[in-house]
Amino acid sequence: MNANQDKITIIGIAGGTGSGKTTVVKKIVESLPPNYVAVVPLDSYYNDTTGLTDEERKAINFDHPDAFDWKLLIKQIDDLRHGKVIDQPTYSYILSNRLPETIRVEPKPVIIVEGIMSLINKRLRDMMDLKIFVDTDPDERLIRNIQRDTIDRGRTVSMVVDRYLKVLKPMHEQFIEPTKRYADIIIPQGGENEKGIGIICKYIEGLINKQ
C-alpha cells in the first residue's frame, strides 16, 4: 500500500512485564479490518551484542532503557509513517543477541509500538497519536512472568522470582511506572479489562474514520 504520513495512526502501548500488553494489542487488532495493523514490538530492538562475550551478555540489564536501540526504532517508525517498508530486527532471549533474520514490515493505517518502555523516549512519544499504559497489579505480573519464563525461556521458578526482586521490580519502579504520566489512557487490570479495551478500540476506529 502507498501509505502517506497523514493516513497512518501510531499508537504506543506500554506497561510492566506481564501486564497484559500483548492481550490489549491482540484485541485492538481483532477490532479493526484485516491487515489494518502493523505491530512493532520493542523487544525486537534490544541492542546488537555481537561484540560482547557470553559473560558480558549475561550481565546486561534488559529492563534498563540503555538496553534498547532507540535510534534504529525511531528511524524505522519514522520510515513506516512516511510509507516506507522496514526490515525489523529479530532478537533471541536464549542467545541474548540479535539474529541475522529480519522481518519485513509494511506500512499499515495503524502502527502499534508495544513494549515495557514504549513511552519513555520523548522522540518516539512525539510521533504517537495515542499513548496507552496497561496497568496491572504487581502480584499478577509476577505470576505471569513465572508462567511465561519457565515455559518459554527455560528458567526455574526461583530464578524468575530472584530476577523479579533484584531487577524487574526496581527497574519497573524507576523507569516504567513513571511513564504512566505520559499516557492518554490507562487500562487497569490489563487484558482482562474488556470495557476499557472496547472503549479504546472505538476511539481508534474514530481516529481512522476522520482521516
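# Notebook: strands, helices and a few loop residues

I began with a pair of strands: E6 and E7 are joined in the parallel sense by 4 bridges. I noted that this is a predicted model. For one matched pair here, I picked Ile 132, whose bridge partner in E7 is Ile 185.

**The sheet**

I then asked in what order the strands of the open sheet come. I read E2-E5-E1-E6-E7, 5 strands with parallel pairing. Which strands stand at the edges? I found strand E2 (37-41) and strand E7 (185-188) there. Each has a single partner strand, so one side of each lacks a neighbour in the sheet. I also looked up the turn between neighbouring strands, which is 20 degrees on average, direction ignored.

I reminded myself that strands of a sheet pair through backbone hydrogen bonds, either parallel or antiparallel. With that in mind I went through further pairs. E2 runs parallel to strand E5 (residues 110-114), with 5 bridges joining them. There, Val 39 has Ile 112 of E5 opposite. E1 and E6 also run parallel, joined by 4 bridges. I found Gly 12 opposite Lys 131 of E6.

Is E6 enclosed or open to the outside? I counted 5 of its 6 residues as buried, so E6 is largely enclosed by the rest of the structure.

**Helix H6**

I checked the length of helix H6 (residues 157-176) next. A straight helix of 20 residues would span 28 Å, but the end C-alpha atoms of H6 span only 23 Å. I looked for a bend and found a kink of about 50 degrees, centred on Tyr 164.

Tyr 164 is also on the list of buried residues of H6. I wrote down the others: Val 160, Leu 168, Met 171, His 172, Phe 175 and Ile 176. I noted a general point on spacing: an α-helix has 3.6 residues a turn, so residues three or four places apart point the same way. What covers the buried residues of H6? The cover includes strand E6 (130-135) and helix H5 (138-152).

**Helix H3**

I ran the span check on helix H3 (residues 70-81) as well. Its 12 residues should span 16 Å, and the end C-alpha atoms are 16 Å apart, which agrees. The buried residues of H3 are Trp 70, Leu 73, Ile 74, Gln 76, Ile 77, Asp 79 and Leu 80. I traced what they pack against: E1, E2, strand E3 (86-92), strand E4 (97-105), E5 and helix H4 (122-125). Just after H3, I saw that Gly 83 takes a positive phi of about 80 degrees.

**Positive phi away from glycine**

I kept in mind that most residues other than glycine have a negative phi. Which residues did I find with a positive phi although they are not glycines? Asn 35 is one, at about 55 degrees. Ser 96 is another, also at about 55 degrees.

I compared their places. Asn 35 sits in the loop between H1 and E2, and with a relative accessible area of 65% it is exposed. Ser 96 sits in the loop between E3 and E4, and at 12% relative accessibility it counts as buried.

**Thr 49, beside Ser 96**

I followed Ser 96 to a partner. Its backbone oxygen lies 2.7 Å from a polar atom of the side chain of Thr 49. Thr 49 belongs to the loop between E2 and helix H2 (54-58). I noted Thr 49 as buried, because its relative accessibility is 4%. Neighbours within four places in sequence aside, Thr 49 is in contact with Arg 57, Ile 60, Ser 96 and Asn 97.

**Ser 19**

My last entry is Ser 19, in the loop between strand E1 (9-14) and helix H1 (21-31). Is Ser 19 buried or exposed? At 1% relative accessibility, I counted it as buried. A polar atom of the Ser 19 side chain lies 2.8 Å from the backbone oxygen of Gly 16. What does Ser 19 touch, not counting residues up to four places away in sequence? I listed Val 134, Thr 136, Arg 141, Arg 144, Gly 190 and Gly 191.

Technical notes: Residues are numbered from 1 along each chain as its sequence is written. This is a predicted model: local features need pLDDT of at least 70, side-chain atom pairs count only at pLDDT 80 or more; totals for chains, interfaces and linings use all residues. Side-chain values use heavy atoms; hydrogens and water are left out. Helices (H or I, at least four residues) and strands (E, at least two) are DSSP runs, numbered from the N terminus. Buried means under 20% relative accessible area, exposed over 50%, partly exposed in between (1.4 Å probe, protein chains only). A polar contact is a pair of N or O atoms within 3.5 Å; within protein, one must be able to donate a hydrogen and the other to accept it, and residues adjacent in sequence count only if both atoms are side-chain atoms. Contact means heavy atoms within 4.5 Å. Two strands pair if DSSP finds at least two bridges between them. Axes are lines fitted to C-alpha atoms, for helices over the stretch in contact, and angles run from 0 to 180 degrees between N-to-C directions. The expected span of a helix is 1.5 Å times one less than its number of residues. The bend at a residue is the angle between axes fitted to the seven residues ending there and the seven starting there.
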